[in-house]
Amino acid sequence: MCGIVGLMAHSMVNQALYDALTVLQHRGQDAAGMMTWHHGRFLLRKSNGLVRDVFHTRHMKRLQGNLGIGHVRYPTAGSSSEAESQPFYVNSPYGIALVHNGNLTNSEQLVKELFTADLRHINTSSDSEVLLNVFAHELGKQGMQIGAEDIFDAVRRVHRRCKGGYAAVAIVNGLGLVAFRDPNGIRPVVFGKRETADGPEYMIASESVALDVAGFELIRDLEPGEAVFIDLERNLYTQRCVENARLTPCIFEYVYLARPDSTLDGANVYWTRMRMGQKLADKIKREWADHDIDVVIPIPDTSRTAALELAQHLGVTYREGFTKNRYIGRTFIMPGQTQRKKSVRQKLNANDIEFQDKNVLLVDDSIVRGTTCNEIIQMAREAGAKKVYFASAAPAVRYPNVYGIDMPVALELIGHDRSDAEVGKLIGADKLIYQDLEDLKQACQEVNPALTEFDCSVFDGRYVTGDIDADYLARLEVARNDAAKCDDGGNSVVDMHNDVEEVD
């Protein structure tokens with residue numbers, strides 16, 4: 001889960017890219033980066049930290065140009081080193097810079113191919129650098145004088161070689177802006193247009209909200225396997241670059257990852273979450289008609305929409321029982337169990353008056369490790385609740401994610417190999433209610449009936465790319481366990497090419 005943005009304008013793009021990254025900050029709080037193109041040179045600033053901390057006035061003044069890309073990152077395995085922050089750059093051919101959201105499931109094989117057959121060296125452990133080098137190698141086959149069709153031919157070969165879920169935006173020196181999406185459309189990416197006195201300008205981003213804040217009109221999502229090319233004269237070209245593509249977007253985007261004011265693949269996220277709450281209320285009516293819930297309280301922020309709808313459909317009072325410290329990052333994406341546990345108490349504080357002598361139903365978007373909800377249930381009891389029930393707007397998370405979300409290995413998932421009752425006991429709830437998977441799918445389909453399939457692998461263990469087996473998951477376990485995440489990845493080497501000016 002990262003946030004990406006690309007912009008082709010008639011004036012300086014640095015401020016618009018900065019603004020876009022700030023509204024995509026929820027997709028990654030580990031590192032941020034921006035690269036602009038100005039008179040044949042690439043200008044780069046990237047570092048660990050939040051957007052507001054990475055970019056200062058001195059950086060913004062030097063990030064000149066009317067073409068640029070940006071990225072916010074959280075790491076999906078092992079390293080959080082600055083060397084693995086994006087954008088990445090290669091000088092051959094032409095000079096190409098790229099930002100990427102997702103995960104290549106065959107990156108180990110690709111690294112070997114790049115070294116032995118393509119004669120390319122990968123300098124970090126990031127699969128984003130792998131994707132960039134695959135794209136660069138395939139584009140290099142097209143020769144020196146290239147156009148839109150050459151770009152699309154190169155992307156076709158990228159899709160043949162790369163497996164997994166990915167969305168990418170790239171600058172090709174002297175040519176323009178390129179974006180492409182994986183053949184299953186797992187990771188989101190949209191593009192939009194803004195008319196100016198000088199002509200059209202284009203933006204590409206992970207979520208539509210980035211276009212909204214910059215005054216761009218959403219054109220649409222990139223289709224699965226589709227590529228978009230915008231040349232330096234701002235001519236727009238699009239083409240589907242893979243046969244037999246099918247749209248199976250990650251359903252967890254609607255549950256948790258995306259902002260509620262975004263629209264992804266034609267479904268407004270806010271409306272899907274409203275329906276999640278309605279479906280959950282219907283389940284409680286079916287299976288627990290004689291409930292004794294006095295008050296419904298959301299765990300801020302993502303679950304608010306579902307919790308409010310649930311309360312209204314049950315005819316139960318809705319209250320805000322927790323106050324959130326907005327200067328603490330998302331605990332779901334923090335490395336290390338100890339840090340996550342400590343951050344819950346720093347992040348939320350209970351308002352005792354809403355809990356005292358009440359049977360409380362706490363609502364969260366999902367339960368991953370169980371650390372957060374266990375701490376929050378204890379807080380509710382300490383605030384005076386008689387009983388604490390817990391509802392999840394998503395089904396039980398039982399399997400790791402391999403397409404770019406840092407869901408931990410199976411053994412770290414509280415729902416893996418456990419019944420709902422066992423999970424409820426472990427988190428300390430008097431009762432636990434999970435959303436049914438079919439209801440979750442319907443919640444999204446009712447907003448956009450064209451969505452017929454989803455990647456639901458974290459819930460059902462079915463990986464839509466068809467290339468995930470037990471051996472792959474075993475290797476993933478080694479890379480993604482909490483011990484690996486605590487390694488600072490200090491062995492990475494930064495290799496800045498001569499064509500890139502690093503802005504310090």
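**Exposed turns, buried faces and helix packing**

Leu 119 is exposed, with a relative accessible area of 72%. The model is a predicted one. Leu 119 sits in the loop that runs between helix 4 (107-116) and helix 5 (127-140). Its phi is near 60°, a positive value in a residue other than glycine. Asn 244 also has a positive phi, of about 60°, although it is not a glycine. This residue belongs to the loop between strand 13 (236-240) and helix 8. Asn 244 is exposed, and its relative accessible area is 77%.

Two cis peptide bonds were examined next. One joins Gln 86 and Pro 87, with omega about 10°. Pro 87 is placed in the loop between strand 4 (67-73) and strand 5 (88-90). Another cis peptide bond joins Pro 300 and Asp 301, and here omega is about 5°. Asp 301 falls in the loop between strand 16 (295-298) and helix 10 (304-314).

A further loop position is Ser 419, found between strand 21 (387-392) and helix 13 (420-427). Ser 419 counts as partly exposed, at 34% relative accessibility. Along the chain, Ser 419 and Ala 396 are 23 residues apart; their C-alpha atoms are separated by 9.3 Å.

Helix 4 has a buried side. Ser 107, Leu 110 and Leu 114 are its buried residues named here. These three cover an arc of only 55° around the axis, so they lie on the same side of helix 4. An α-helix has 3.6 residues a turn, so residues three or four places apart point the same way. The cover over the buried residues of helix 4 includes strand 6 (96-104), helix 5 and helix 6 (148-161). The face turned away from the buried side carries Glu 108, Lys 112, Phe 115 and Thr 116, which are exposed.

The nonpolar interior was then considered. In soluble globular proteins, nonpolar side chains tend to be buried together. The largest nonpolar core of the model has 39 residues. Phe 252, Tyr 254 and Phe 459 have the most contacts inside this core. At least two core residues come from each of helix 8 (252-257), helix 9, helix 14, helix 15 (457-460) and helix 16 (470-480). Helix 8 gives the most, with 5 residues. Leaving aside neighbours within four places in sequence, Tyr 254 is in contact with ten residues' worth of surroundings that include Leu 264, Asp 265, Ala 267 and Val 269. Thr 272, Arg 273 and Met 276 are also among the contacts of Tyr 254, as are Cys 444, Leu 451 and Phe 454. A second core, separate from this one, has 34 residues, including Phe 88, Ile 151, Ala 154 and Val 172.

Helix 9 and helix 14 also pack against each other. Helix 9 spans residues 269-287 and helix 14 spans residues 437-445. The angle between them is about 140°, and their axes are 8 Å apart. Their crossing is right-handed. From helix 9, the residues that meet helix 14 are Thr 272, Arg 275, Met 276, Lys 279 and Arg 286. On the helix 14 side, the partners are Asp 439, Leu 440, Gln 442, Ala 443 and Cys 444. By class, this contact has 4 nonpolar, 2 polar and 4 charged residues. Both helices thus feature twice, since helix 9 and helix 14 each supply at least two residues of the largest core.

Notes. Residues numbered from 1 in each chain as written. Predicted model: local features only at pLDDT ≥ 70, side-chain atom pairs only at ≥ 80, totals over all residues. Heavy atoms only, no water. Axes fitted to C-alpha atoms, helices over the stretch in contact; angles between N-to-C directions. Helix = DSSP H or I, 4+ residues; strand = E, 2+ residues; numbered from the N terminus. Left-handed = near helix turned anticlockwise from the far one by under 90°. Contact = heavy atoms within 4.5 Å. Nonpolar A, V, L, I, M, F, W, Y, C, P; charged D, E, K, R; others polar. Core = buried A, V, L, I, M, F, W, Y, C linked by side-chain atoms within 4.5 Å. Buried < 20%, exposed > 50% of the residue type's maximum accessible area, 1.4 Å probe, protein only. Arc of directions from axis to C-beta.
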